[in-house]
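Trainee: I should like to learn how to read the features of a protein model. May we take them one at a time, beginning with helix packing?

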Amino acid sequence: MGKRTAGMPCAVIITCLFYGAISGSAPATVAAVGSMTIPLLVKLGYDKTFVTAIVAVAGGLGVIIPPSIPFILYGMASGTSVGKMFMAGIVPGLLIAALLMIYAFYYCKKHGEDKDKINEEVNALHNKGFKKVFFESFWALLTPVIILGCIYSGVASPTEAAVISVFYALFISMFIYKSLRVKDLYDVFVESIKTFAPILFILASAVAFSRIITLLQIPDTAANFILNTIHGKVAVLIVINILLLIVGMVMDTSPAILILTPILLPIAQSVGVDAVHFGIIMVVNLAIGFVTPPIGINLFVASSLVDIPVMNIAKKALPLIGFFFIALLLITFIPQISLALVA
């Protein structure tokens, strides 16, 4: 794609798409893909803030393309099949990626590209040969194949597939690529504990909170209030979307899903929205929250990679977020986008 107009930015978006299938996490996608691609695209003459904004927004695909951590949490909170959620996330994820690539094409057409630098880089890669590049990356490329293969073949659950992928990545890193040494493992374990220990407390608290609001019949009260105040499926979905967008701006995805699902899902189902479809609507809304201040965790992760102020990245990301909104509207009001692959 390199020599085509916007080929390199589009390649970054596609990379985020595929990396989302490995990590299931938006910030992890931004950190991993951004650290690899931002320096390269800046070297090729692209505006640093524009490239960083693309990575920050496209990183949101990490929670939409399966396997996705928020889909698993939504399945826990709603009792919906995680496998169905994974299948439902494929088409919306591809739709969002396509819309982001359309904007990247428009931007590059308007502002131009340094074709000499791009052609030099692409030619060097071509001279290396596809076979050599492929075999160098073969073992790493097997990771998403193993994860998705285990899940969709029924060999392992999403949680078990995650464990398999950890041990596979550990083996490949230590014995094939030799990029990880035994003495590095301590730091890896410490970083993992720092990342996931807080999530365990959030999950425990959110599950307890969900039980309490269910016992107090808060979902029923909220549902009756909204349904008695607002009439019509379209109006209810618009109100729910606005609420989720606001929540996504100020609240982390995990507690938001676990706390709001028991409240909002009965409301959505009362106006005829499928539970799987509503799960996609909820996660796409919260994915937009990853790139909207004041929280906007993707913006902060991207900013830490390039030392550009968060608000500068946010301004450059506004048109991309606009295309994300277009995708959200299409996904909300055309259920077939989410349910096309769900049996």
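Trainee: Which residues in H3 meet which residues in H5?

Mentor: Please bear in mind that this is a predicted model. On the H3 side, the residues are Phe-50, Ile-54, Val-57 and Ala-58. They meet Leu-100, Tyr-103, Ala-104 and Tyr-107 in H5. The residues of this contact divide into eight nonpolar, no polar and no charged.

Trainee: How is the arrangement of two such helices described?

Mentor: Two packed helices are described by the angle between their axes and by the distance between those axes. Here, helix H3 (residues 48-58) and helix H5 (residues 82-111) pack at an angle of about 170°, and their axes are 12 Å apart. H3 is therefore roughly antiparallel to H5, as angles over 145 degrees count as roughly antiparallel.

Trainee: What span should the 24 residues of helix H15 have, and how far apart are its end C-alpha atoms?

Mentor: The idea is to compare an expected span with the one found in the model. At 1.5 Å a residue, H15 (residues 310-333) should span 34 Å, and its end C-alpha atoms are 32 Å apart, which agrees. Helix H8 (158-176) can be read in the same manner: its 19 residues reach 25 Å from first C-alpha to last, close to the 27 Å expected.

Trainee: Where does H15 bend, and which proline follows?

Mentor: H15 bends by about 50° at Leu-318. Pro-319 follows within four residues.

Trainee: Which residues of H15 are buried, and what covers them?

Mentor: A residue counts as buried when its relative accessible area is under 20%. In H15 the buried residues include Val-310, Ile-313, Leu-320, Phe-324 and Ile-331. Their cover includes H3 and H5, together with helix H11 (233-250), helix H13 (275-289), helix H14 (297-306) and helix H16 (336-339). H15 in turn is among the elements that cover the buried residues of H14, which also include helix H2 (26-43) and H3. Those buried residues of H14 are Asn-298, Leu-299, Val-301, Ala-302, Ser-303 and Val-306.

Trainee: Is Ser-338 buried or exposed?

Mentor: Ser-338, whose place is in helix H16, has a relative accessible area of 1%, so it is buried. Leaving aside residues up to four places away in sequence, Ser-338 touches Ala-88, Pro-92, His-277, Ile-280 and Ile-331. For a second case, take Ile-259 in helix H12 (residues 253-270). Ile-259 has a relative accessibility of 18% and therefore counts as buried.

Trainee: How should I read the backbone angle phi?

Mentor: Most residues other than glycine have a negative phi. A positive value in another kind of residue is therefore an exception to what most residues show.

Trainee: Which residue that follows H8 has a positive phi?

Mentor: That residue is Lys-178, with a phi of about 55° although it is not a glycine. Lys-178 is placed in the loop between H8 and helix H9 (185-215). With a relative accessibility of 62%, Lys-178 counts as exposed.

Trainee: Which residue with a positive phi follows H14?

Mentor: Asp-307 follows H14, with a phi near 60°. Asp-307 is found in the loop between H14 and H15. Its relative accessible area is 71%, so Asp-307 is exposed.

How values were computed. Residues are numbered from 1 along each chain as its sequence is written. This is a predicted model: local features need pLDDT of at least 70, side-chain atom pairs count only at pLDDT 80 or more; totals for chains, interfaces and linings use all residues. Side-chain values use heavy atoms; hydrogens and water are left out. Axes are lines fitted to C-alpha atoms, for helices over the stretch in contact, and angles run from 0 to 180 degrees between N-to-C directions. Helices (H or I, at least four residues) and strands (E, at least two) are DSSP runs, numbered from the N terminus. Angles under 35 degrees count as roughly parallel, over 145 as roughly antiparallel, 65 to 115 as roughly perpendicular and the rest as oblique. Contact means heavy atoms within 4.5 Å. Ala, Val, Leu, Ile, Met, Phe, Trp, Tyr, Cys and Pro count as nonpolar, Asp, Glu, Lys and Arg as charged, and the others, Gly among them, as polar. The expected span of a helix is 1.5 Å times one less than its number of residues. The bend at a residue is the angle between axes fitted to the seven residues ending there and the seven starting there. Buried means under 20% relative accessible area, exposed over 50%, partly exposed in between (1.4 Å probe, protein chains only).
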